[in-house]
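The following exercises are meant to be worked through with the sequence and the coordinates side by side. Each task is followed by a solution that proceeds step by step.

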Amino acid sequence: MRDRVELAVPGAVVGAVGGLIAGALSAFVGHPAAWAAATALAMAVPLGLLGGGFGLLVGGGRFRLGVFAPAALYWLVGFPMARLVAETSTGVLLGGGFTPPDDVLGFLAYQGIVSFGWAIGFLWLHERIAPHWLDKVRARNPLAQRWYERYVTHARVLRESSARARRRRAARETTARTK
């Protein structure tokens with residue numbers, strides 16, 4: 001169980017930090033401190049849980065490394081749900097009741113559009129944090145070791161592909177100069 005939880009850590013951290021940033025932005029635009037704190041909590045918890053779930057899916061081999069489509073589809077469903085949870089629970093955290101949006105379907109549709117931006121940022125951060133985390137825990141976690149090896153292989157393939165592209169480009173430039 002601990003091995004799987006460790007796979008979820010990078011995604012959970014990225015998701016939770018995203019929620020905390022939402023709270024900070026809420027304070028920045030002038031909302032009262034209690035409202036900003038409620039927003040941070042209401043966003044950090046669902047985004048952290050969903051981010052951890054994403055890490056489990058990638059770590060378990062369900063999603064390929066460096067591929068955007070699975071992340072986009074995951075967050076197309078997950079982000080609107082997290083936003084709906086946050087929107088309806090903020091009132092409860094402030095001592096009131098549940099406050100769902102007036103037009104739930106319109107709200108979810110808009111959040112689905114926004115989810116693509118979230119997916120890009122989430123995936124970018126996750127791909128930068130996860131390898132460092134996995135390197136830390138791989139000595140005691142065989143699941144992390146396998147995932148780390150997939151990152152190393154993926155990085156090697158990308159580096160080799162980039163080197164081939166540079167060589168082809170240099171050859172074309174040389175050919176163009178000699179004509």
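**Exercise 1.** Is Arg-168 buried, partly exposed or exposed?

*Solution.* The model is a predicted one, and the reasoning starts from the placement of the residue, since Arg-168 is found in helix α5, which spans residues 142-178. The relative accessible area of Arg-168 is 48%, and the class of partly exposed residues runs between 20% and 50%, so Arg-168 is partly exposed. As a last step, Arg-168 can be placed among its neighbours, for it forms a positive surface patch together with Arg-164, Arg-166, Arg-167, Arg-169 and Arg-172.

**Exercise 2.** Determine which helices supply the largest nonpolar core and which residues have the most contacts inside it.

*Solution.* The largest nonpolar core has 27 residues, and those with the most contacts inside it are Leu-47, Phe-54, Trp-75, Leu-134 and Trp-147. At least two residues of this core come from each of α1 (2-28), α2 (33-59), α3 (68-93), α4 (104-137) and α5, while the largest share, seven residues, is supplied by α4. In soluble globular proteins, nonpolar side chains tend to be buried together.

**Exercise 3.** Locate the nonpolar patch on the surface and state which helix gives the most to it.

*Solution.* The patch is formed by Phe-68, Leu-73, Leu-76, Val-77, Met-81, Phe-116 and Ile-120, which together have about 630 Å² of accessible area. The elements that give two or more residues to this patch are α3 and α4, and α3 gives the most, with five residues. Met-81 serves as an example, for it lies in helix α3 and is partly exposed, with a relative accessible area of 40%.

**Exercise 4.** Explain why the salt bridge between Glu-6 and Arg-140 ties together parts that are 134 residues apart in sequence.

*Solution.* The side chains of Glu-6 and Arg-140 meet at 2.6 Å, N to O. Glu-6 lies in helix α1 whereas Arg-140 lies in the loop between α4 and α5, so the pair joins parts separated by 134 residues in sequence. The two partners can then be classified by accessibility: Glu-6 is buried, at 7%, whereas Arg-140 is partly exposed, at 44%. Finally, Arg-2, Glu-6 and Arg-140 are linked in a network of salt bridges.

**Exercise 5.** Describe how Glu-173 and Arg-177 are placed relative to each other.

*Solution.* The two residues are four apart in helix α5 and therefore separated by about one helical turn, and their side chains meet in a salt bridge of 3.7 Å, N to O. Glu-173 counts as partly exposed, at 42% relative accessibility, whereas Arg-177, at 63%, counts as exposed.

Note on methods: Residues are numbered from 1 along each chain as its sequence is written. This is a predicted model: local features need pLDDT of at least 70, side-chain atom pairs count only at pLDDT 80 or more; totals for chains, interfaces and linings use all residues. Side-chain values use heavy atoms; hydrogens and water are left out. Patches are made of residues with over 30% relative accessible area and no salt bridge: like charges are joined within 9 Å, nonpolar side chains (Val, Leu, Ile, Met, Phe, Trp, Tyr) within 5 Å. Accessible areas come from the Shrake-Rupley method with a 1.4 Å probe; for residues, only the protein chains shown count as cover. A salt bridge is a side-chain nitrogen of Lys or Arg within 4 Å of a carboxyl oxygen of Asp or Glu. Lys and Arg count as positive and Asp and Glu as negative; His and the chain ends are not counted. The place of a charge is taken as NZ of Lys, CZ of Arg, CG of Asp or CD of Glu. Buried means under 20% relative accessible area, exposed over 50%, partly exposed in between (1.4 Å probe, protein chains only). A nonpolar core is a set of buried Ala, Val, Leu, Ile, Met, Phe, Trp, Tyr and Cys residues joined through side-chain atoms within 4.5 Å.
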